[in-house]
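I opened my notebook for this one with two things to look up: how the helices pack, and where the pockets are. Here is the model I worked from.

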Amino acid sequence: MRYRRSWLGQRFAVLLSVGLILSCDRVIPRAEPGQAASDDVVKVDKKTETIINGALKYLAAQQLPNGSWTGDKGSPGSEKWAVAITSYVMMAFMANGNLPDAGPYAKQVKNGLQFLLDSVQADGTFHEGDRSHYMYSHGLATMVLAEIYGETQSPVIRPKLQHVVLLIIHGQNPEGGWRYQPGSKDADLSVTVPQTVALCAAKRAGIAVPQATIDKAVAYIKRCQAPDGGFTYQAIGKAKGSSFARTSAAIYALQITGLYDDPMVADGSRYLMASISKCNEPAWRTDWLTYGSYYAAVGHYLIGGDAWKTYYQTFGQRYLLTHVISEGDLSHWDVQIDPNAKIVGSNWCTAVFTTILSLPYGYLPLYQR
């Protein structure tokens, strides 16, 4: 059973009337949680729902006493990414209608939220073990706090959310992007995207975000597109070679800022689908599968229509269900599916792939058209 809250519709009307629900620079209509777009013919079938439920049960069992998730309970060293992995797992639960006080996994979401709030430090950063690539975790956790705050308007969340948002705003570099540390002299696309999405989520929830910050981020992302339609690691002139993962991230970020019909999105989608169309062939491989498929899924969900239907049926209902590991009523994906996930652990893969399969439910405002 999927949970929806009657008061969400009332809160939506109030927020819309005061102009708080924004796609960064313009007001857009948002569906009620659980309400998909009218042209969305993609549905979660019974088999897929069983896998989703098994994966959520698996993830719930992996939560640690402090409310966090690491790579998995048997993955040594993965605790240094607890903020990032907790954020990914929280999105999987929220994509199935769970909030801190609603849904069968409300307790897990509430405890995960408390872990993230407790991790916010005086300087506006999260207490994350891996500081060498810190801003990845910061963007993801900020996004989660913004989504929960947008759904609950909790006064406990707001001041800490404002604090972590300000760090992103002030940490933008002159190029318009972000890198591993706030205020880095250079930027890269893979770090810039989660900061951009987090800022848009926060702005939609009613947190002040300067439009100039968004505009500069969009300009940087656009400078990363290559002639083949894909996107590179850094702005053209600094890096060569498009990739699946970075192209996925870019087309999602462009849409979340309101550029749904930008030709760059269509070009990026064609680049991605050329690879996805082959994903069920034995020799198919792509770097950073877990990271890239997360953004590719939400990016094509926002595109909708045949592009989304093809993506979901090809990668979601065929590729992911072929590679899932089911044991009794538990389901998860092993790190063997993605060599880059081995040092992180299976909870990351399981959280991302569960979120992908759950997108047709339409619960998360961040994923709504």
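My entries follow, helix pairs and pockets in turn.

**Entry 1: before starting.** I noted that this is a predicted model. For the helix pairs I went for two descriptors, the angle between the axes and the distance between them.

**Entry 2: helix 5 and helix 7.** I began with helix 5, residues 134–152, and helix 7, residues 189–204. Their axes come within 8 Å and cross at roughly 20°. Angles under 35 degrees count as roughly parallel, so I wrote helix 5 and helix 7 down as roughly parallel to each other. The crossing of the two is left-handed. On the helix 5 side I listed Met135, Tyr136, His138, Gly139, Thr142, Met143, Ala146 and Glu147. Helix 7 answers with Ser190, Val191, Pro194, Gln195, Val197, Ala198, Ala201 and Ala202. Sorted by class, this contact has 10 nonpolar, five polar and one charged residues.

**Entry 3: helix 3 and helix 13.** Next I looked at helix 3, residues 82–94, against helix 13, residues 346–358. The two pack at an angle of about 30°, with their axes 8 Å apart. That angle makes helix 3 roughly parallel to helix 13. Once more I noted a left-handed crossing. Ile85, Tyr88, Val89, Met91 and Ala92 of helix 3 make the contact with Asn347, Trp348, Ala351, Val352, Thr354 and Thr355 of helix 13. I counted classes here too: eight nonpolar, three polar and no charged residues.

**Entry 4: helix 12 and helix 13.** Staying with helix 13, I turned to its contact with helix 12, which spans residues 305–323. How do these two lie, roughly parallel or oblique? Their axes come within 10 Å and cross at roughly 135°. That makes helix 12 oblique to helix 13. Helix 12 passes helix 13 in a left-handed crossing. From helix 12 I wrote down Trp308, Tyr311, Tyr312, Phe315, Gly316, Gln317, Leu320 and Leu321, which meet Phe353, Ile356 and Leu357 in helix 13. The classes come to nine nonpolar, two polar and no charged residues.

**Entry 5: the largest pocket.** Then I went looking for empty space. The largest pocket has a volume of about 570 Å³. Which residues sit closest to its centre? They are Tyr136, Trp288, Tyr291, Val344 and Trp348, out of 22 lining residues. I was pleased to meet two familiar names: Tyr136 is in the helix 5 contact with helix 7, and Trp348 is in the helix 13 contact with helix 3. Two or more lining residues come from each of helix 3, helix 5, helix 7, helix 9 (244–256) and helix 11 (289–303). By class, the lining has 16 nonpolar, four polar and two charged residues.

**Entry 6: the second largest pocket.** My last stop holds about 340 Å³ of space. I found 20 residues in the lining of this second largest pocket, with Arg285, Leu289, Tyr319, Gln336 and Ile337 nearest its centre. Which helix gives the largest share of the lining? Helix 12 does, with three residues. I closed the entry with the classes for this lining: nine nonpolar, six polar and five charged residues.

Key:
Residues are numbered from 1 along each chain as its sequence is written. This is a predicted model: local features need pLDDT of at least 70, side-chain atom pairs count only at pLDDT 80 or more; totals for chains, interfaces and linings use all residues. Side-chain values use heavy atoms; hydrogens and water are left out. Axes are lines fitted to C-alpha atoms, for helices over the stretch in contact, and angles run from 0 to 180 degrees between N-to-C directions. Helices (H or I, at least four residues) and strands (E, at least two) are DSSP runs, numbered from the N terminus. Angles under 35 degrees count as roughly parallel, over 145 as roughly antiparallel, 65 to 115 as roughly perpendicular and the rest as oblique. A crossing is left-handed if the near helix is turned anticlockwise from the far one by less than a right angle, and right-handed if clockwise. Contact means heavy atoms within 4.5 Å. Ala, Val, Leu, Ile, Met, Phe, Trp, Tyr, Cys and Pro count as nonpolar, Asp, Glu, Lys and Arg as charged, and the others, Gly among them, as polar. On a 1 Å grid over the protein atoms alone, a cavity is a set of points where a 1.4 Å probe fits but cannot get out, and a pocket is an open set with protein on both sides within 12 Å along at least five of seven lines; lining residues have an atom within 4 Å of a point. Grid points are joined across faces, edges and corners, and a volume is the space filled by probe spheres set on the points.
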